[in-house]
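Thanks for making time this morning. Please have the sequence and the model open while I talk, since I will go through a few regions one after another.

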Amino acid sequence: MIEAPPTHSIGQPATVDRVRSFTAEPIPHPLTPLVGRAREVETSLDFLAKPELRLLTLTGPGGVGKTRLALRVASLLADDDDWSVVVVNLATVRDATLVRSAIAQAIGVPVGDQATLMSRLVTTIGDTQALLVLDNFEHVIREAEIVVELLSHCPGLKALVTSRMPLHVQGEQEFTVPPLLPPEPGVASDLDDLAANEAVVLFVQRARAANPEFQLTSANADVVAEICSRLDGLPLALELAAARIKIFSAESLLKRLNDRLEVLTGGPRDLPSRQRTMRDAIRWSYDLLSPDEQVVFRRLAMFSGSFSLGAATDIVDFAGEDDDLPEGPVDVLDSMLSLLDKSLILRVDRGEHEYRFRMLETIREFGLGQLNDAGETDIVRRRVLRFFTDLVVSLEFDFIGPNQHIILRRLDHEVGNLRLALQAGLDLDGEASAEGVRLASGLWRYWLVRGQLSEGSRWLSRTLNVATSVPVGVRALALNNLGNLALELSQYTKSHACYMQSMELYKSIDDNSGMGDELNNMGLLELIQGKFDAARVLLERSLAVRRQIGDTIALPATLSNLGDIACFEEDYDLSDSYHIEALAIRREIGNKRGIGISLSNLGMVAWLRGDTDGAERWYAEGMEYAVQVDDHFSKAGILLGQGKIAVRRGKLKEGMHLLTQALLILRQMGSRRLMADVVDALATAAASDGRYVSAGRLIGSTTTMREGHQIGITHRSKLEINELLTELHAKLGDDGFNAAFASGKRQSLETAVDEAIVLAEAISEAEDLRLAEEAALPDANLGLIAADELGLTPREREVLVLLADGLSDKEIADSLYISPRTAMTHVGNILAKLGVNKRTLAASVAVRRGLVFATTDLSHNRLDMTGDIKGPPNGSPSTARPIPPEPDPLSVETV
């Protein structure tokens, strides 16, 4: 990642004399190589190459690498004999009036009389083509006019300035130097990709300087990636942290980054004192702020992640609200503009209608320390809680309106601040605890749609446990919403208890709408457990309440649940009527997520009718809405329905992909009820592919899960599962089936999910192999000329024989006395010429085309991961069967 120098020339007016008139000191050459920065170097040179551009200012926070970038650019330009390059280090200039003197000393002009110094500088520089590098200008910013004066009188001069803030003079081009891009937090990366990441390269390079034994390995790669992400890719922070590898392991260092400013110390002695610790680097900028700017800076540090201008203005400006504050009102907008200039906050363009802002985490930690020292921490936390509680509560109806996708995206941006506010509700006393309940309760739909059920449930449970003086209606609603999250987590006992408590509270305040909600939700709970008669009674009571009070917002949920009962009892016409009425209401109010759910419900009815084409159309339209609002929950259910359709049509590869995607979403959500449905679908697919042991194990696991959680199942689905069990008994025998089923019952659903994902991949690969075999030339006699037609060289034919025999690249290399890299190249060429992307497929095609002799039949008797002996990839016509039409889980709805 140490970049080769690009070639550039600096544009100048044709009339400028290129004769040098002074001799500059040599450009400093750092003792460590510059890591990365190819784009930044290229951009800087492009700017300087423009004839009309005379002043380029590199801005950015302390420690981002402005000086190193400037020196790199300067050294590249110094290679051009037509240019003089002068570097002036202003870090040690304490008196701003001495900037002229520093420039004079750098170009060899005697300082002498200050009154005549500027004219002597202009005379000395004259028309010379020169680049003046002014490093660390931020603390002498009031002398910016000196730069303008020199540029005005010296036509061949250009200036490259490094500063934590722009000079704000005419003709200036600002270029903000970003931190190195770190690995994306929480995302697993390939070791080779991490080893090429610039932030990781810098960390590893500096760590090895401190501890030569340190290596980036698969064992520590994720930890190193997390360190680089936690430090925002800030070069100085990375270098200071890497130096600690001398005494800490990477794991220990990561744990200590919770107090990073105490760790990021001990920089090299040859660095300026302000850069020997991260705290001093930030304090250098902080001390340049006005008192108002310092107040705004420390209060903005409370935000976690990014924040909007509106949130900043509301939370940071205390004017007239808190008499005991140590500071009065401040000008937030002007202060933020200044903080942005000084690189203490960054602008984040999210592609929305307004910009957002953020602090680098290392700078934020410094700001939080200042906030605590000022005694304002709890005050600002209360204001954060109040602001975001009011925001979320005000969005209650927008969650189910036409703008819900916009609202969800906004909360995505605020999720760090929402967690901060929720924690404040737990930690602070008095009114804060009740606000915490309102906030946690108001977010339940957000957590559901985004697939974060467990997190939403934890916040709501904790806030209810600690809150005091919560109004009855607020507590009733919170209990209802906690019950909804518990239901989707298959925590039915907890869900029932929450609904019952909520019902009692609503009765105590005579809230008919609330009681209608609880009747619906308790009916839903009975429905899920297969108690259809009890469910119908509760749901019809809820429907009557909703029609009586004209509650069109919640009415579709009850209609949908009644439609599900009719569907499960095979009254498809009645089911359609309920779901169509629900869909019409949702279209009228613009509830995009609800529209998607109703469309999916109609897809389920069509599926159970046997109308596969109709089901496909309903599901496809439903997916469009689920994608619009990025509804993980709905997407998973629709993927399940689409996966079943694909398998029924014999498109096993497509079906495995769809079902696997559904399973991955649901596993992340923790929705055990829906996971069991997908695992059942994969068990059926496994049986249709001849993997009977795997199917038996998976059915054993889901059976145990349903028994443990009392999850009901429809009569029709029972018949279809019984049909599958009968098939498995016939194929495996009683003893074989019982062993597989018992093995599955002993494992957790989570283990079964992992097994199902691996199984789906195996089925997909087998389907690839089958399709490749079908596409291969059937006439073996054509194999005599196939090699020539494919363009295989004699050496590639030798390699192909060994590849088909199952040898690795290294084993092929050893057999042919060539290097492993050469063997790997031959294998890549062979795969390309055969038109396949897997070695197993290449072997199969080679056998079918007569390129190699087969010692075994590659299409039969393969072992799957559970030890099943497989027949032909798709089984025989007598055993192949479609997925049983189980109810779509999206059809049950809470309110």
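I will take a strand and its partners, then a single leucine, then a small sheet, and last a helix. Please keep in mind throughout that this is a predicted model.

Let me begin with strand E4, residues 157-163, where seven of the seven residues are buried. In a regular strand the side chains alternate between the two faces of the sheet. In E4, Leu157, Ala159, Val161 and Ser163 point one way while Lys158, Leu160 and Thr162 point the other way, and all of these are buried. As for partners, strand E1, residues 55-59, pairs with E4 in the parallel sense over five bridges, and within that pairing Leu55 stands opposite Ala159. Strand E3, residues 130-135, also runs parallel to E4 and is joined to it by five bridges, with Leu131 standing opposite Lys158. Between E3 and E4 the chain passes through helix H5, residues 144-153, and this β-α-β crossover is right-handed.

Next, the single leucine, which is Leu69 in helix H2, residues 66-78. Is Leu69 buried or exposed? Leu69 counts as buried because its relative accessible area is 0%, and the cut-off for that word is under 20%. Leaving aside residues up to four places away in sequence, Leu69 touches Glu40, Val41, Ser44, Leu58 and Val177. One of these, Val41, lies 28 residues away along the chain, yet the C-alpha atoms of Leu69 and Val41 are separated by 6.8 Å.

Now to the small sheet, which is open and consists of three strands in the order E6-E8-E7, with antiparallel pairing. Strands E6 (306-308) and E7 (346-348) stand at the edges with a single partner strand each, so one side of each has no neighbour in the sheet. From one strand to the next the twist averages 40°. E7 and strand E8, residues 356-358, run antiparallel and are joined by three bridges, and here Leu346 stands opposite Arg358. Helix H14 packs on this sheet, where it touches E6 and E8, and its direction makes about 80° with that of E6.

H14, which spans residues 309-316, also brings us to the last helix, since it is among the elements that cover the buried residues of H17. Helix H17, residues 377-394, has 18 residues and reaches 26 Å from its first C-alpha to its last, close to the 26 Å expected at 1.5 Å a residue. Its buried residues include Val380, Arg381, Arg383, Val384 and Phe387, and the cover over the buried residues of H17 also includes helices H13, H16, H18 and H19.

Conventions: Residues are numbered from 1 along each chain as its sequence is written. This is a predicted model: local features need pLDDT of at least 70, side-chain atom pairs count only at pLDDT 80 or more; totals for chains, interfaces and linings use all residues. Side-chain values use heavy atoms; hydrogens and water are left out. Helices (H or I, at least four residues) and strands (E, at least two) are DSSP runs, numbered from the N terminus. The expected span of a helix is 1.5 Å times one less than its number of residues. Buried means under 20% relative accessible area, exposed over 50%, partly exposed in between (1.4 Å probe, protein chains only). Contact means heavy atoms within 4.5 Å. Two strands pair if DSSP finds at least two bridges between them. A crossover is right-handed if, with the strands pointing away from the viewer, the path from the first strand over the helix to the second runs clockwise. Axes are lines fitted to C-alpha atoms, for helices over the stretch in contact, and angles run from 0 to 180 degrees between N-to-C directions.
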